[in-house]
Amino acid sequence: MRAYFDFAATSPMDDEVLAAYTQELRAVGNPSSLHAEGQSARMRMESARARIAAAVGAEPAEVVLTSGGTEADNLALKGIHAARNAEGAHRPRLLVSTIEHHAILDPAEHLESHGVDVVWLPVDRQGRVDLEALRAAIEDDPESVSLVSVMLANNEIGTVQPLEEIVALAHPHGIPVHTDAVQALGQIPLDFTALGVDAMSLSAHKVAGPVGVGALVLSRGLAPVPLLHGGGQERSVRSGTLDVAGATAFATAAELAAAHLTDGTSARTAALRDRLAEGIRGQIPDAILTGAGLEGDGDHPREDGRPGRLPANLHVVFPGCEGDSLLFLLDAAGFATSTGSACQAGVSRPSHVLMACGFDEDQARSTQRFSLGPDTTREQVDALLRALPEVVERSRRAGMVSASPRWAHSGGAR
Ligand SMILES: Cc1ncc(COP(=O)(O)O)c(C=O)c1O
């Protein structure tokens, strides 16, 4: 038996999504063409756009289709920063949280190496952005800030950020806010308009849609400098022939994801996650459950009723275990999991997210992420709980050395 506990890396495509995708792949017509086939494709494209928009509380005109979350993040960060510095404006500061996914972290570091003053916003032990630090950074010189970018939910530890408060600090100074909502889609209620952000990144393959499809939801007042120049599609923000099949599949997946929040799927997943958390606490007493909403944090849900963490995420530090060794031992036992962070040249890098939360380097290399999905069963959770104590014991005996050639790869799905 194999059990998949890595939905946050990518999720199996839903049958309904696959049917919509393949049916559309058979159709011919470039939505920019003027003949009947083209116009029909245009209508199907706009219908998909409207469905995606409705699933995330946005207007159809606000949805810019991209090749996924990474492109949406790059377009938001580089494009909005450049646009806010056009026509003589001087806004050299970019405010970014320290726990972003690499799709934000790396473009931010790229901009930093080209002279942009990136202000890295600290987080607390649960991974929540320090709002006072944000306030101070803005009030230091509001005119000099191009953009604030803080992810809605963290891909490693599952913590949900107080985006409404972040928007309330930035907007009075006219500073736009971007959020990476790739992990939030389908897990917590997502409403672009209610959230108040100016730009929001999405990706289809995290919610049973295809890889290579995503969107940057963009309020109409914002015109980022494009990364891709060409045929002028997507408000001239993102050139390239429109992917009607991808958009249609994404629309179906986004609707299913939104439905999961109210049809009991999400609650069932959360209950299984809690069962797994309880089991780990009971069997491995020194394991540390990270992020908000667990470990007596009292924030599940938050006091204001909004969720403090993702319902399908469990992220654990197993002291004395090397994350990769746990991963490979679990894999051999039939369980697909993730360390949640990257490894390079055979040596696992400590998680930048855990380091930012104040964990030490050993702890930040001793992590395992279990991400559940609509297909996860109680039997799978119980099987994992039965396997874990021995796996942890064996990993502890192996110690913290991870330079085996077996592990010599770089990157890692996050
Ligand atoms: C938070 C977050 N942002 C961005 C991405 C990148 O999305 P994509 O794989 O669609 O490029 C991921 C995927 O791992 C993610 O978890």
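Tutor: A residue is called buried when its relative accessible area is under 20%, exposed when it is over 50%, and partly exposed in between (1.4 Å probe, protein chains only). This structure is a predicted model, in which local features need pLDDT of at least 70 and side-chain atom pairs count only at pLDDT 80 or more, while totals for chains, interfaces and linings use all residues. Residues are numbered from 1 along each chain as its sequence is written, and side-chain values use heavy atoms, with hydrogens and water left out.

Student: What percentage of the 414 residues in the protein do buried residues make up?

Tutor: Buried residues account for 56% of the 414 residues. The accessible surface of the protein, computed by the Shrake-Rupley method with a 1.4 Å probe and with only the protein chains shown as cover for residues, is about 16200 Å², and carbon and sulfur atoms contribute 53% of that area.

Student: How many helices and strands are there in the protein?

Tutor: Taking DSSP runs numbered from the N terminus, with H or I over at least four residues for a helix and E over at least two for a strand, the protein has 13 helices and 14 strands. Its radius of gyration is 21 Å, close to the 22 Å that the globule rule gives for 414 residues, so the protein is as compact as a globular protein of that length; the radius is taken over C-alpha atoms, and the rule is 2.2 Å times the number of residues to the power 0.38. Along the principal axes, the C-alpha atoms fill a box of roughly 65 × 55 × 45 Å.

Student: Of contacts between residues at least 6 apart in sequence, what percentage join residues at least 24 apart?

Tutor: With a contact defined as heavy atoms within 4.5 Å, 75% of those contacts join residues at least 24 apart. Ile-138, which sits in helix H5 (residues 131-140), offers a local case, being buried with a relative accessible area of 1%. Leaving aside residues up to four places away in sequence, Ile-138 touches Arg-93, Leu-95, Leu-169, Ala-170, His-173 and Ile-175. Leu-169 is 31 residues from Ile-138 along the chain, and their C-alpha atoms are separated by 7.9 Å.

Student: How many salt bridges does a search of the whole structure find?

Tutor: Side chains of opposite charge can pair when their charged atoms come close. With a salt bridge defined as a side-chain nitrogen of Lys or Arg within 4 Å of a carboxyl oxygen of Asp or Glu, the search of the whole structure finds 17. One of them joins the side chains of Glu-24 and Arg-44 (2.8 Å, N to O). Glu-24 belongs to helix H1 (residues 15-25) and Arg-44 to helix H2 (residues 36-55), so the pair ties together parts that are 20 residues apart in sequence.

Student: Is Glu-24 buried or exposed?

Tutor: Glu-24 is buried at a relative accessible area of 11%, whereas Arg-44 is partly exposed at 24%.

Student: Which side chain does Glu-234 meet in a salt bridge?

Tutor: The partner of Glu-234 is Arg-49 (2.8 Å, N to O). Glu-234 lies in the loop between strand E8 (214-218) and helix H8 (244-260) and Arg-49 in helix H2, so this pair ties together parts that are 185 residues apart in sequence. Both Glu-234 and Arg-49 are buried.

Student: Which residues do salt bridges that share partners join into one network?

Tutor: Arg-42, Glu-46, Arg-49 and Glu-234 form one network through salt bridges with shared partners.
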